Amino acid sequence: MRLGNLLAALVAALIGACLQPGLAAAVEADGVANVRGYWTEQRMEAAIPLNLTPDPAALANAALPTPDQHSNSAPSMIAPTPQTHAAVHRSLIADPSTYPNRVHGKVFLTIPPFDYVCSGTAIRSHNHSSILTAGHCVHDASSGYATNLIFVPGYDQGDEPYGEWVAQRLFSTPGWVADEDLRYDAGIAVLKRDSQGHGIQDVIGARGIAFNQSRNQFYRSYGYPAAGSFDGERLYRCDSGWGGDDGSTHEPRTMFIACDFTGGSSGGGWVIKDRAVAGLNSYKYDDDAPPVLPGEEPDHMYGPYFGDTIKALYRSAAGPVQRCLGKAVTQLGSGGTDVFTGSDGVDVIATGGGADVVRAGGGDDLICSGSGDDRVRAGSGNDRIRAGAGEDLISGGSGRNDRCTGGAGADRAGACESRHAVR
């Protein structure tokens, strides 16, 4: 990014079309153990917001995006601009581990030669495993897609109440990947599931996501600012109405809210109606909105409008819905050997290609076996089990109406009240 009097034309700097194959690329992580092992306590503490570059030579050569023809004064705004001189309403989240605060988290990533921090939000999706962040937090013009990316939901002063979730694939928009166009500064990380096959959405919950909404909304922005007076260790939120649009960008123009977040908050979601994300922290100018009255801290945070291009990004990353016996899967197996244990609620489990072991819990569970030789035991509910291509062994549980159906392999079943195509 070109540093002039921009505090960095983006929060890639300051803070932190439809998709075509190959542009919204997928990258595979080196492995969960390797990535988690990379993020030692020391590396996490040393990671910096994307706008900080300790090497002056690297700073001079950085190719970060700048809005078109921005003057030395605040950018021109599209009327009306009700928040142009509004004081910032920022608050500290006392307990990030509670819902819905916990769906917001801290992002750690590597763009050589440095480790960085951003912010992100778990969003509902077909794959149950997606987080939203800024495009500049997943892709760099010089280095390509980031590596070692993890998401820590509910992070608080080193506490990780829901662990570290490793990215499996990264996506961004064609506009960001090809041109670092601030109008499309959005990225999605699809995270690996946990050892029980749960996606992050099934563990902590998730926000909805909304597209093509009215710009004139009340927004609640979340993030982990880490520059200036902030240390990146606490989750904050800014409450603001729509302030206006950045007149130096083309349609669909980026928009701004009143928020004084700094580096590290890049990618934090803008929530509307306490339900859905409809924007994110992207960039700001260092000459924007000088204080109007003593003690006020007015500032402008800019972000992309969530229109059709970001909608296409979301659809591409979310993938098809995974189903078992007509219901959306809550626990999905991998290609290896998995051991799943059901909860007391209703579980919908689909195993993968290995010789998997499933022990259902207390609800009326649905279990679909994969291609391996699986062993499935029903629980205390009235469970439905469908065998797959392997030679599966199915055992009914203490429920009074367990239904077991064989698959393509030579399957065996016992203690099932209803049996079909099994020995």
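## Exercises on a predicted model: sheets, disulfides and a cavity

An open sheet of six strands runs in the order S21-S23-S25-S27-S29-S31, with parallel pairing. Strand S21 (331-332) and S31 stand at its edges with a single partner strand each, so one side of each is left without a neighbour in the sheet. Strands are DSSP runs (E, at least two residues) numbered from the N terminus, and two of them pair if DSSP finds at least two bridges between them.

The model is predicted: local features need pLDDT of at least 70, side-chain atom pairs count only at pLDDT 80 or more, and totals for chains, interfaces and linings use all residues. Residues are numbered from 1 along each chain as its sequence is written, and side-chain values use heavy atoms, with hydrogens and water left out.

### Exercise 1. Pairing within the six-stranded sheet

Task: Determine how many bridges join strand S27 to S29, and which residue of S29 stands opposite Ile 385.

Solution.
- Step 1. Strand S27 comprises residues 384-386, and three bridges join S27 to S29.
- Step 2. The two strands run parallel.
- Step 3. The residue of S29 opposite Ile 385 is Cys 404.

### Exercise 2. The disulfide that starts from Cys 404

Task: Identify the partner of Cys 404, state the handedness of the link, and locate both ends.

Solution.
- Step 1. A disulfide (a pair of cysteine sulfur atoms within 2.5 Å) joins Cys 404 to Cys 416, with an S to S distance of 2.0 Å.
- Step 2. The angle about the S-S bond is -75 degrees, and the link is left-handed.
- Step 3. Cys 404 belongs to strand S29 (residues 403-405) and Cys 416 to the loop between S30 and strand S31 (418-420), so the pair ties together parts that are twelve residues apart in sequence.
- Step 4. Both Cys 404 and Cys 416 are buried; the term means under 20% relative accessible area, whereas exposed means over 50% and partly exposed lies in between (1.4 Å probe, protein chains only).

### Exercise 3. Further disulfides

Task: State how many disulfides a search of the whole structure finds, and describe the links of Cys 324 and Cys 118.

Solution.
- Step 1. The search finds four disulfides. With bonded cysteines counted along the chain, the pattern is 1-2, 3-4, 5-6, 7-8.
- Step 2. Cys 324 is bonded to Cys 368, and their sulfur atoms are 2.1 Å apart. The link is right-handed, with 90 degrees about the S-S bond.
- Step 3. Cys 324 lies in strand S19 (residues 323-324) and Cys 368 in strand S25 (residues 366-368), so this disulfide ties together parts that are 44 residues apart in sequence.
- Step 4. Cys 324 counts as buried at 0% relative accessibility, and Cys 368 is buried at 5%.
- Step 5. Cys 118 forms a disulfide with Cys 137, with the sulfur atoms 2.1 Å apart. The torsion about their S-S bond is about -85 degrees, so this disulfide is left-handed.
- Step 6. Cys 118 is in strand S4 (residues 114-123), and Cys 137 is in the loop between strand S5 (130-133) and strand S6 (139-140), so the bond ties together parts that are 19 residues apart in sequence. Both Cys 118 and Cys 137 are buried.

### Exercise 4. A five-stranded sheet

Task: Give the strand order of the open sheet of five strands, name its edge strands, and describe the pairing of S28 with S30.

Solution.
- Step 1. The order is S22-S24-S26-S28-S30, and the pairing is parallel.
- Step 2. Strand S22 (339-341) and strand S30 (412-414) are the edge strands, each pairing on one side only.
- Step 3. Strand S28 (residues 393-395) pairs with S30 in the parallel sense over three bridges. Ser 395 stands opposite Gly 414 in S30.

### Exercise 5. Strand S9 and its partners

Task: State whether strand S9 is mostly covered or mostly uncovered, and describe its pairing with S8 and S10.

Solution.
- Step 1. Strand S9 (residues 165-172) is mostly covered, as six of its eight residues are buried.
- Step 2. Strand S8 (residues 147-153) pairs with S9 in the antiparallel sense over two bridges; Ile 150 stands opposite Val 166 in S9.
- Step 3. Strand S10 (residues 187-191) is joined to S9 by five bridges, and the two run antiparallel. The bridge partner of Leu 170 in S10 is Ala 189.

Key. Helices (H or I, at least four residues) and strands (E, at least two) are DSSP runs, numbered from the N terminus.
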